[in-house]
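Grab a pencil and work through these exercises with the structure open beside you. Each one sets a task and then walks through a solution.

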Amino acid sequence: MTSSSLLLIIGGVVLVQLAIYLGFAYWGHWRSYLALRRRGDDGAFEPASATDTPAAAPVWQGGRPFRVARKVIENAKGTVCSFYLVPEDGRPLPPYRPGQFLTFNLDIPSAEGANAQVIRCYTLSDAPAKDAYRISVKREADGTSSNYLHNHIGVGDVLQVRAPSGHFHLDDGQDPVVLIGGGIGITPMLSMLNWALANQPKREIWLFYGVRNGTEAIMLAHLEEMAAKHPNFHLRICYSAPMADDMNGQAIRIRGRVDITLLRVQLPLKPFHFYICGPSAMLESLVPDLEDWGVPPAHIYFEAFGPASVKRRQVSLEDAPATPDGEEVLITFARSEKQILWKPNAGSLLDFAEANGISVNSGCRAGGCGTCQTAIKAGEVTYRQAPDYDPEPGTCLMCVCA
C-alpha cells in the first residue's frame, strides 16, 4: 500500500466520522425543534425562571397619591430642595426614561382664601427606581408652585402625581454623549448620568454644568465622586461669576459660561450626541452654534425651562412641521380678542401667543401635562410631535402644535 493510498483511507475515515457527528447533531436539534413546536401548538410553554426580567409595573392613569418620604436642601444658598416621593399604595413604580418629568396637580391656597388648582411639571432628578421618585425644585421669587412646595410641603404630606412622561430623554445606545445643564437644568442630566453610569459604564459621557457660583450648584460632591470612580465620565463645572473659594485649582472647574468655544476646546472629535437643558439664552445661542460647528441636527436634543425660541439652522423636510403650503394664517384668540397673522417660522402656538403679549397657562411646554389645552373654534392644527397628554376632542395643546 502506497503512502498516498493510506492518506486517502485516513481522509475518508475522518469524513465519515464528521458526517456521523453532524447527523447526530442535526437530529438532536430537529427533535428539540419538534418539541418546542408541539408545546407552542398546545399553548403549554415553560414558566419564566427566577432570572427572567419581571414585567414592568403598569403606568397609572390620572393622579396617584405620593407621600413625601424625605426633603433635602441641595445647595448652600438654599434655593434647591429635593423631594423623595413614595407611592401611598406601596405598589412598584413603572420605569421611566432618564430625563422625563412628573406632572403634579397642586391644591394651592390663594390670597382670597380659596384653593387654586395648579398643574406643574418637575423633572425626575435620579435614575429610575422601583420604590421612589426624586424631584429637585428650585425656589423662584415669583414661583407659585415652587414656593408652595418649599414652604408648605413637608415629610408625610401627600401629593397627586401623574405618571412620568416627556420626549426629552437619553437614548439607550452606546454613542458618546455630551450632557449640558444650565442652572436647574442640571436635573434631567443627573437622571441621565446616574442611569448611564449604572447601566452603561463603558459609554463615554461628558457633563458640562453651568452655574453662577458654588452657592447655587447642587450635588457637587456626588458629581465629583462619580467622576473619580468612572474613567469614562468627564466632568466640567463652569462658574460664570465664581466666588473666591470656587476655583480651587481642579481642572474640572472652569471660569466662564458653557459656550461653543469651550466645547470645541474641551471635546475630542467624535460623533457625540448632545443633550441640553437650561435657560432660554443658553439654548438660543448654543443649539445654532453646535449646528454651525457641524453637529447633525438629529444629534442635538434640548429642553428649556421658561419660554425659548430656538432657531434651527439646519432643518430637514422630514422634521419640519406641516403647514398649508407655507402660507400665512390669521389666528383669532377669542379671550383677548386679538387677530394676529401667523407665519410658518413663528414656532408653536404657545410661543406665538406669548410673543404677542397673550398670556397662556402652561406647564411642561412639551405636550405632557395638558395645562395649555385650548379649544379650537375653527380650523385645524398640526402637531410637531405626538403629545403624551391626550387632549379632549375639539381642543389642542398649544405648546406642541402649529
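**Exercise 1. Find what covers the buried residues of helix H4.**

Step 1. Start with the cover: it includes helix H3 (186-199), strand E8 (205-211), strand E9 (233-239) and strand E10 (253-255). Helices (H or I, at least four residues) and strands (E, at least two) are DSSP runs, numbered from the N terminus.

Step 2. Now look at what is being covered. In H4, which spans residues 220-229, Leu-220, Leu-223 and Met-226 are buried. Buried means under 20% relative accessible area, exposed means over 50%, and partly exposed is in between (1.4 Å probe, protein chains only).

Step 3. Check the direction these residues point. Their arc around the axis is only 130°, so they sit on the same side of H4; the arc is taken from the directions from the helix axis to the C-beta atoms.

Step 4. Turn to the other side of H4, and you meet Ala-221, Ala-228 and Lys-229, which are exposed.

A note before going on: this is a predicted model, where local features need pLDDT of at least 70, side-chain atom pairs count only at pLDDT 80 or more, and totals for chains, interfaces and linings use all residues. Residues are numbered from 1 along each chain as its sequence is written, and side-chain values use heavy atoms, with hydrogens and water left out.

**Exercise 2. Work out how far the model can be trusted by its pLDDT.**

Step 1. pLDDT is the predictor's confidence in each residue, from 0 to 100. For the protein chain the mean is 83, and 80% of the residues reach 70 or more.

Step 2. Then look for the weak stretches. Over residues 29-55 pLDDT stays under 50, and the model has 5 contacts beyond four places in sequence there. Residues 314-325 also stay under 50, with 8 such contacts. A contact means heavy atoms within 4.5 Å.

Step 3. Zoom out to the whole protein chain. There are 7 helices and 16 strands, and buried residues make up 41% of the 402 residues. Among contacts with a separation of 6 or more, 61% come from residues 24 or more positions apart.

**Exercise 3. Which parts does the salt bridge between Asp-89 and Arg-64 tie together?**

Step 1. Recall the idea: side chains of opposite charge can pair when their charged atoms come close. The rule used here wants a side-chain nitrogen of Lys or Arg within 4 Å of a carboxyl oxygen of Asp or Glu, and a search of the whole structure turns up 9 salt bridges.

Step 2. Asp-89 and Arg-64 meet at 2.9 Å, N to O. Asp-89 lies in the loop between strand E2 (80-87) and E3, while Arg-64 is in strand E1 (residues 64-73), so the bridge ties together parts 25 residues apart in sequence.

Step 3. Compare their surroundings. Asp-89 is partly exposed at 44% relative accessible area, whereas Arg-64 is buried at 8%.

Step 4. Try another pair, Asp-171 and Arg-203, which meet at 3.2 Å, N to O. Asp-171 lies in the loop between strand E6 (158-165) and strand E7 (177-182), and Arg-203 in the loop between H3 and E8, so this pair ties together parts 32 residues apart in sequence. Asp-171 is partly exposed at 23%, but Arg-203 is buried at 1%.

Step 5. Finish with a network: salt bridges that share partners join Lys-77, Arg-212 and Glu-216.

**Exercise 4. How many aromatic pairs are there?**

Step 1. Take the rule: rings of Phe, Tyr and Trp (its six-membered ring) pair if their centres lie within 6.5 Å; planes under 30 degrees apart count as stacked, over 60 as edge-to-face and the rest as tilted. The count comes to 9 aromatic pairs.

Step 2. One of them is Phe-104 with Tyr-122, edge-to-face at 6.0 Å centre to centre and 65° between the planes. Phe-104 is in strand E3 (residues 101-109) and Tyr-122 in strand E4 (residues 115-123), so the pair ties together parts 18 residues apart in sequence. Both Phe-104 and Tyr-122 are buried.

Step 3. Look for a cluster, too: ring pairs link Trp-60, Phe-66, Tyr-96 and Tyr-133.

Step 4. Last, spot the charges over rings (NZ of Lys or CZ of Arg within 6 Å of the ring centre and within 35 degrees of the ring normal). Arg-64 lies over the face of Trp-60, 4.7 Å from the ring centre, and the charged end of Arg-70 sits over Tyr-84, 4.3 Å from the centre of its ring.
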